[in-house]
Amino acid sequence: MGFPLIGETLQLILPSHSLDLPPFLKNRIKRYGQIFKTNVAGRPVIISADPEFNSFILRQDGKLVETWSLDTFAEVFEQNTHSSRKYTRHLTLNHFGVEALKEKLLPQMEDFIKSTLSNWSNHESLEVKTAAIKVTVDFAAKQIFSGDLDNAPFNISYMFRDLVEGLMSFPINLPGTAHHKCLQIHKNVRETMRDFLTKRLNSSAEKRAEEDLVDHLLRDMDSQKFLTEDYIVQMMFGLLFVTSDSISTTLALCFKLLAEHTDVLEELIAEHDSILKNKENLDAPLTWNDYKSMTFTLQVINEVLRLGNIAPGLFRRALKDIPVNGYTIPAGWVIMIATAALHLNSDQFEDPLSFNPWRWKEIQPSCAAKNFMPFGSGMKQCAGAEYSRVFLATFLHVLVTKYRWTMVKGGKIIRAPIIRFPDGFHFKISHKNQ
C-alpha cells in the first residue's frame, strides 16, 4: 500500500516514454495478478485488469457500486445527484447525439474543419495538439452557447491544455503545485462562462435562429429545480472540456501514426477518394450514409483510441462489501478499471503495441464490449462517444482528401498516467495541389 498518506501516488504518476502500459501497472499485474490493491493519495484503491470482473462491476452500477471520480476531478467537475446526471445525459444526447449529428452537426463540422485546415496550411508549422484543442473548443462553444471565444479574456484552449496537467496531480492546494494551478484555471474559465451566461440572461428577449444548449437549460430552469446559474456555468465548463481533450489528443496521435504508417494512410486515402467519386457533385457535403460507409476510417479511429488510452481508467466506489477470488473489497473502497491494461492485453490484441487498424476486421462485438472501452461502457458510456467519432472521421476525410503533412519537430510521448506530448507535435500542413 506504499507510504503513509501518499501511498503509491508517486509511483503512479512517474512518467513513462511510451504508449505501452505504465510500469506502475505492468509491474504490479505481473507480480500480483490482474486485480490488486494500492493506495492513491491516502485512499485505498482496487485496480482491475480482469475483463470478466470489470464486466461484472460495470453491470452493478447503482447496486454494488456507484460512479466515482478522483479527488481532483471531483473538485473540478462537481459531483451531481442522480436526477441531475440523468438530465445532463439526456440534454447532451439531445444536442450532441446521433439525431443532432444527422440533422445539423455533420455538415457544420465539415465546413468548420475545411476552414480550419485551410487556416492551418498558411502556417510554416503548427503544434497540432494545441491547435486541435482550439478547434474542438470553438466548435463545441458554438453548440453550447453560440459562443465566439476570440474575445474571451483568457485563451481557453491553452487553459484546458494546462488543466489536464493538474487533473492527475497530488491533491494539495498550495501555490506552485499542479493541483493549485488546476483549480485556478477552473476558477478563471468558470468566470468566463459566467460572463457569457450573464449576457445571455440580460438579453433573454433576443431570439437566435437556432436554439443552443444554454437556451435549452434556461427554458428548463422552472421545471428542474437543480438548474441554478452555478449548475449551468459548471455544465458549460464541463462540456467544453470533455468535448475537447479526448478529441484533440486523438487527432494529434492520428497525425503522428498516419505519417509513420504509409500503408494505413494509403488505404485511408483510397476509402475517402471513393466516397468523393460516388458523389454526383464533388462539392456536395458529407451525408450520414457517407459517414456510415467509412469502415476503414472507423477502424483507424478505434486503433488510435486503443493505443492512446487517453483516460486513465473508469472509477467506481463499492457500496457494499464485494467478494472476489476469495478476497473482499470493503464497502467504500474505490475500484479502478484499468482500461489501458485491457486495450494492450496480448491475449485479446495480437502484438498490442503495433498500429494495425486491420485487426478490427476480425474482432467480434462481444470481445470488444469487454476489452475496448475508450468511452466507458454500457449505459454509462460517454454521451458524446458518437459525436467524437463523427468529428474525428470528418476531420480525417477533409485532411486526407485535400492535404498532406510532414513532421517538423517534436513527437515525444509521455504517459504519467495521462498521455502528454512534452515537445508537442509540430507539423507542416500543405494543400495537395500546391
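**Entry 1. Helix α18 and Thr394**

Helices here are DSSP runs of H or I with at least four residues, and they are numbered from the N terminus. I note at the outset that the model is predicted.

I began with Thr394, which sits in helix α18, residues 385-402. Its relative accessibility is 1%, and since buried means under 20%, I logged Thr394 as buried. I then listed what Thr394 touches, setting aside neighbours within four places in sequence: Leu106, Met109, Glu110, Ile113 and Leu286.

**Entry 2. Nonpolar cores**

Which residues have the most contacts inside the largest nonpolar core? I found Trp120, Ile144, Phe160, Tyr387 and Phe391, in a core of 115 residues. A second core is separate from it and has 15 residues, among them Ile46, Leu58, Leu314 and Ile335. As background, nonpolar side chains in soluble globular proteins tend to be buried together.

I followed Phe391 further. Not counting residues up to four places away in sequence, Phe391 touches Met109, Ile113, Val135, Thr136, Phe139, Ile247 and Leu251. I marked Met109 and Ile113 in this list, as both are also among the contacts of Thr394.

**Entry 3. α13 against α18**

I looked up how helix α13, residues 262-277, packs on α18: the angle is about 95° and the axes are 9 Å apart. Angles of 65 to 115 degrees count as roughly perpendicular, so I recorded α13 and α18 as roughly perpendicular to each other.

Which residues meet in this pairing? From α13 I have Leu265, Leu268, Ile269, His272, Asp273, Ile275 and Leu276. On the α18 side they meet Ala393, Leu396, His397, Val400 and Thr401. Sorted by class, the contact comprises eight nonpolar, three polar and one charged residues.

**Entry 4. Cysteines**

I searched for disulfides and the count is zero. I checked two cysteines for burial. Cys254 has a relative accessibility of 2% and is buried. Cys367, at 19%, is also classed as buried, because the cut-off is under 20%.

**Entry 5. Val324 and Asn325**

Val324 belongs to strand β6, residues 322-324. Is Val324 buried or exposed? I have it as buried, with a relative accessible area of 11%. Leaving out neighbours within four places in sequence, I find Val324 in contact with Ile35, Phe53 and Ile329. Val324 and Ile35 are 289 residues apart in sequence, with a C-alpha to C-alpha separation of 9.3 Å.

Asn325 I placed in the loop between β6 and β7, the latter being residues 327-329. The relative accessibility of Asn325 is 62%, and it is exposed, since exposed means over 50%. I also noted a positive phi of about 50° for Asn325, which is not a glycine.

**Entry 6. Asn309**

Most residues other than glycine have a negative phi. I therefore also logged Asn309, where phi is positive at about 45° although the residue is not a glycine. Asn309 is in the loop between α15 (295-308) and β5 (314-318). With a relative accessible area of 3%, Asn309 is buried, whereas Asn325 is exposed.

**Entry 7. Ser16**

Where is Ser16? I found it in the loop between α1 (9-12) and α2 (23-32). At 9% relative accessibility, I put Ser16 down as buried. Beyond residues up to four places away in sequence, Ser16 touches Pro22, Pro23, Ile413, Ile414 and Arg415.

**Entry 8. Two partly exposed residues**

Leu218 is part of helix α10, residues 213-220. Its relative accessible area is 21%; buried requires under 20%, so I entered Leu218 as partly exposed. Its contacts, not counting residues up to four places away in sequence, are Leu197, Arg200, Leu201 and Ile232. I also took the distance from Leu218 to Leu314: the two are 96 residues apart along the chain, and their C-alpha atoms are separated by 32 Å. Leu314 was already in my notes as a member of the second core.

Asn356 lies in the loop between α16 (339-343) and α17 (365-371). I recorded Asn356 as partly exposed, at a relative accessible area of 27%. How many residues separate Asn356 and Thr406 in sequence? I get 50, with 21 Å between them in space, C-alpha to C-alpha.

Key:
Residues numbered from 1 in each chain as written. Predicted model: local features only at pLDDT ≥ 70, side-chain atom pairs only at ≥ 80, totals over all residues. Heavy atoms only, no water. Helix = DSSP H or I, 4+ residues; strand = E, 2+ residues; numbered from the N terminus. Buried < 20%, exposed > 50% of the residue type's maximum accessible area, 1.4 Å probe, protein only. Contact = heavy atoms within 4.5 Å. Core = buried A, V, L, I, M, F, W, Y, C linked by side-chain atoms within 4.5 Å. Axes fitted to C-alpha atoms, helices over the stretch in contact; angles between N-to-C directions. Parallel < 35°, antiparallel > 145°, perpendicular 65-115°, else oblique. Nonpolar A, V, L, I, M, F, W, Y, C, P; charged D, E, K, R; others polar. Disulfide = S-S within 2.5 Å.
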